Amino acid sequence: SIDALHWAGSGDSVQQELRANGLTATDDMNRKGDIGTAAHSVLEHLAEHDAVPPFTSGHDMAVISWWKATRPEAIYTEQAIFDPDRNVAGMFDLQYGTDKTTMLDLKTGSIRRAAVIQLNIYRLGSIACGLRVPDRLAILDTHDDGSWAEIEVPINSDWAKTAIQTNRNGKDIEKALRAAMKVARKGSAEKVAA
């Protein structure tokens with residue numbers, strides 16, 4: 001019936017209905033963030049206690065399955081790094097191994113090239129902090145069906161250094177653009193006043 005579609009009368013009413021039912025893009029992003037946070041908590045618990053914690057999602061089960069399959073010996077868990085020379089900081093999820101070590105980052109969503117750069121930046125940060133430098137970088141890619149894959153990431157310090165410089169350049173460009181726009185607006189206002 002037409003009455004059932006009362007909410008579709010305008011863009012505002014559609015948006016209001018989506019918000020009321022938790023169906024906006026922001027709601028979806030928050031749910032995905034909650035899933036990622038929970039899976040990271042499971043990984044941290046396993047690394048610190050080597051015992052299965054309570055779990056709620058397939059991603060949590062995937063982390064547990066990976067842990068049982070690999071039986072990693074944790075060296076660092078949720079380890080903060082800071083590189084004062086490059087002015088970068090972060091926190092990697094896990095470094096494990098004995099003779100050959102792996103720095104691991106857990107991902108519960110799609111994997112983008114930023115994840116590869118991120119691990120390489122963490123590796124540089126480990127060097128700056130005097131931590132044990134990993135021999136290998138990897139992403140633990142988990143899925144809601146409980147499956148997982150450990151994806152090896154190439155070690156390439158140049159990628160990390162280039163990304164850091166590109167980010168810094170972007171900030172400088174934005175600052176210069178804001179200053180130029182301010183001057184242009186002031187000039188326009190003076191022309192209007194004259």
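This is a short talk on the fold of one protein chain and a few of its residues, and the model is predicted.

I'll start with the overall layout. The protein chain has 5 helices and 5 strands. Going along the sequence, their order is α-α-α-β-β-β-α-β-β-α. Of the 194 residues in the protein chain, 31% are buried. Among contacts with a separation of 6 or more, 54% are between residues 24 or more positions apart. The accessible surface of the protein chain is about 12,100 Å², and carbon and sulfur atoms account for 54% of that surface.

Now to helix H4, residues 113-129. How far apart are the end C-alpha atoms of this helix? They are 25 Å apart. With 17 residues at 1.5 Å a residue, the expected span is 24 Å, so the two values agree. For anyone checking the arithmetic, the expected span takes 1.5 Å times one less than the number of residues.

Many of you will want to know which parts of H4 are hidden. Its buried residues are Ala115, Val116, Leu119, Asn120, Ile121, Tyr122, Arg123, Leu124, Gly125 and Ser126. The cover over them includes strands E1 (74-83), E2 (88-97), E3 (101-107), E4 (136-142) and E5 (148-153), along with helix H5 (157-193).

Take Ser126 as one example from H4. Ser126 has a relative accessible area of 0%, so it counts as buried. What does Ser126 touch, leaving aside neighbours within four places in sequence? Its contacts are Ile81, Phe92, Met103, Leu131, Arg132 and Pro134. After H4 comes Gly130, with a positive phi near 75 degrees.

Next, the aromatic rings. The structure has 4 aromatic pairs. One of them is Trp66 with Trp67, an edge-to-face pair with 6.0 Å from centre to centre and 65 degrees between the planes. Trp66 is buried at 0% relative accessibility, and Trp67 is buried with a relative accessible area of 4%. Another pair is Phe92 with Tyr122: the ring centres are 6.3 Å apart and the planes are at 45 degrees, so this pair is tilted. Phe92 is in strand E2 and Tyr122 is in helix H4, so the pair ties together parts that are 30 residues apart in sequence. Phe92 and Tyr122 are both buried. Ring pairs also link Trp66, Trp67 and Tyr96 into a cluster.

Let me turn to the surface. Which residues form a nonpolar patch there? They are Val52, Phe55 and Met61, and together they have about 260 Å² of accessible area. Met61 belongs to helix H3, residues 58-70. Its relative accessible area is 39%, so Met61 is partly exposed.

Last, two loop residues with an unremarkable look but a positive phi, neither of them glycine. Asp50 has a phi near 45 degrees and sits in the loop between helix H2 (25-49) and H3. At 44% relative accessibility, Asp50 is partly exposed. Asn87 has a phi near 55 degrees and is in the loop between E1 and E2. Is Asn87 buried or exposed? At 58% relative accessibility, Asn87 counts as exposed.

To sum up, H4 has buried residues covered by parts that include strands E1 to E5 and helix H5, and Tyr122 of H4 pairs with Phe92 of E2. On the surface there is the nonpolar patch of Val52, Phe55 and Met61. That is the end of the talk.

Conventions:
Residues numbered from 1 in each chain as written. Predicted model: local features only at pLDDT ≥ 70, side-chain atom pairs only at ≥ 80, totals over all residues. Heavy atoms only, no water. Helix = DSSP H or I, 4+ residues; strand = E, 2+ residues; numbered from the N terminus. Buried < 20%, exposed > 50% of the residue type's maximum accessible area, 1.4 Å probe, protein only. Contact = heavy atoms within 4.5 Å. Patch = residues over 30% accessible without salt bridge, like charges linked within 9 Å, V, L, I, M, F, W, Y side chains within 5 Å. Areas by Shrake-Rupley, 256 points an atom, 1.4 Å probe, with all protein chains shown as cover. Salt bridge = Lys/Arg side-chain N within 4 Å of Asp/Glu carboxyl O. Phe/Tyr/Trp six-rings, centres within 6.5 Å; stacked < 30°, edge-to-face > 60°.
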